[in-house]
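Here's a quick tour of a model for anyone who wants the main features without scrolling through every residue. Take a look at the sequence and structure first, then come back for the notes.

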Amino acid sequence: QVQLVESGGGLVQAGESLRLSCVASGSTRSVSAMGWYRQAPGKQRELVATITSGGVSNYADSVKGRFTISRDNAKNTVYLQMNSVKPEDTDVYYCNANMRIPGLPNTIPYWGKGTLVTVTV
């Protein structure tokens with residue numbers, strides 16, 4: 001199993017920056033892709049950004065050019081640098097890690113408990 005703990009959320013003004021961190025523990029050697037998702041009350045969880053173990057990243061169109069995902073495999077940590085934040089970025093942000101299953105192409109997703117980001121005008 002993999003445990004994920006997010007940090008770095010908080011209150012920020014529009015246009016400012018914030019960095020989220022997520023530390024993985026447990027069976028971290030089996031972790032492949034990691035990512036950040038966000039969810040507002042009553043809405044579906046949506047992808048923000050993902051990054052493979054090799055460092056290939058993918059972003060939602062809404063955050064391209066503003067957010068950067070990075071990963072430190074030695075520290076089992078994934079980051080989300082959020083620049084030029086907007087009020088519509090207000091959400092609970094969840095860290096995701098996918099654990100490989102030996103001999104199978106599938107992975108098991110794990111989630112953190114989330115960290116709230118609030119962007120004020």
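What follows is a short briefing, grouped by topic. Keep in mind that this is a predicted model. The main threads are a disulfide between Cys22 and Cys95, the mostly covered strand β9, its antiparallel neighbour β4, and a largest pocket of about 160 Å³.

**The disulfide**

- How many disulfides are there? The count comes to one.
- That link runs from Cys22 to Cys95, with the sulfurs 2.1 Å apart.
- The torsion about the S-S bond is -85°, which makes the link of Cys22 and Cys95 left-handed.
- Cys22 sits in strand β3 (residues 18–26) and Cys95 in strand β9 (residues 91–100), so the bond ties together parts that are 73 residues apart in sequence.
- Are the two cysteines buried or exposed? Cys22 has 0% relative accessibility and counts as buried, and Cys95 is buried too, with a relative accessible area of 0%.

**Strand β9 and its partners**

- Eight of the 10 residues of β9 are buried, so the strand is mostly covered when buried means under 20% relative accessible area.
- On one pairing, β9 runs antiparallel to β4, joined by seven bridges. Within that pairing, Arg38 stands opposite Tyr93 in β9, and Trp36 stands opposite Cys95, the cysteine that bonds to Cys22.
- β9 also pairs with strand β10 (residues 107–111), again in the antiparallel sense, over five bridges. Here Ala97 has Tyr110 in β10 as its bridge partner.
- The hairpin of β9 and β10 has six residues between the strands, and in this hairpin Gly103 takes a positive phi near 85°.
- Three bridges join β9 to strand β11 (residues 115–120), and these two strands run antiparallel as well. For Asp91, the bridge partner in β11 is Val117.

**Around the start of β9**

- Asp91 belongs to strand β9. Its relative accessibility is 8%, so Asp91 counts as buried under the 20% cut-off.
- What does the side chain of Asp91 reach? It reaches the backbone nitrogen of Ala40, at 3.0 Å.
- Thr90 is in the loop between β8 (77–82) and β9. With a relative accessible area of 28%, Thr90 is partly exposed.
- Thr90 and Cys22 are 68 residues apart in sequence, and their C-alpha atoms are 18 Å apart in space.

**Strand β4 and its link to β5**

- Seven of the nine residues of β4 are buried, so β4 is largely enclosed by the rest of the structure.
- Besides its bridges to β9, β4 is joined to strand β5 (residues 46–51) by five bridges, with the two running antiparallel.
- Trp36 takes part in both pairings: Cys95 in β9 is opposite Trp36, and Ala49 is the bridge partner of Trp36 in β5.
- Six residues lie between the strands in the hairpin of β4 and β5, where Gly42 takes a positive phi near 80°.
- Ala49, which lies in β5, is buried with a relative accessible area of 0%.
- Ala49 and Ala60 are 11 residues apart in sequence and 6.2 Å apart in space, C-alpha to C-alpha.

**The largest pocket**

- The volume of the largest pocket is about 160 Å³.
- Which residues line the largest pocket? They are Thr28, Arg29, Val31, Met34, Ser53, Arg71, Asp72, Asn73, Asn76, Thr77 and Arg100.
- Two elements give two or more residues to that lining, namely β4 (31–39) and β7 (67–72).
- By residue type, the lining of the largest pocket divides into two nonpolar, five polar and four charged residues.

Terms used. Residues numbered from 1 in each chain as written. Predicted model: local features only at pLDDT ≥ 70, side-chain atom pairs only at ≥ 80, totals over all residues. Heavy atoms only, no water. Disulfide = S-S within 2.5 Å. Helix = DSSP H or I, 4+ residues; strand = E, 2+ residues; numbered from the N terminus. Buried < 20%, exposed > 50% of the residue type's maximum accessible area, 1.4 Å probe, protein only. 1 Å grid on protein atoms, 1.4 Å probe; cavity = no way out; pocket = protein on both sides within 12 Å on 5 of 7 lines; lining within 4 Å. Points joined across faces, edges and corners; volume = space filled by probe spheres on them. Nonpolar A, V, L, I, M, F, W, Y, C, P; charged D, E, K, R; others polar. Pairing = 2+ DSSP bridges. Polar contact = N/O pair within 3.5 Å; in protein donor to acceptor, adjacent residues only side chain to side chain.
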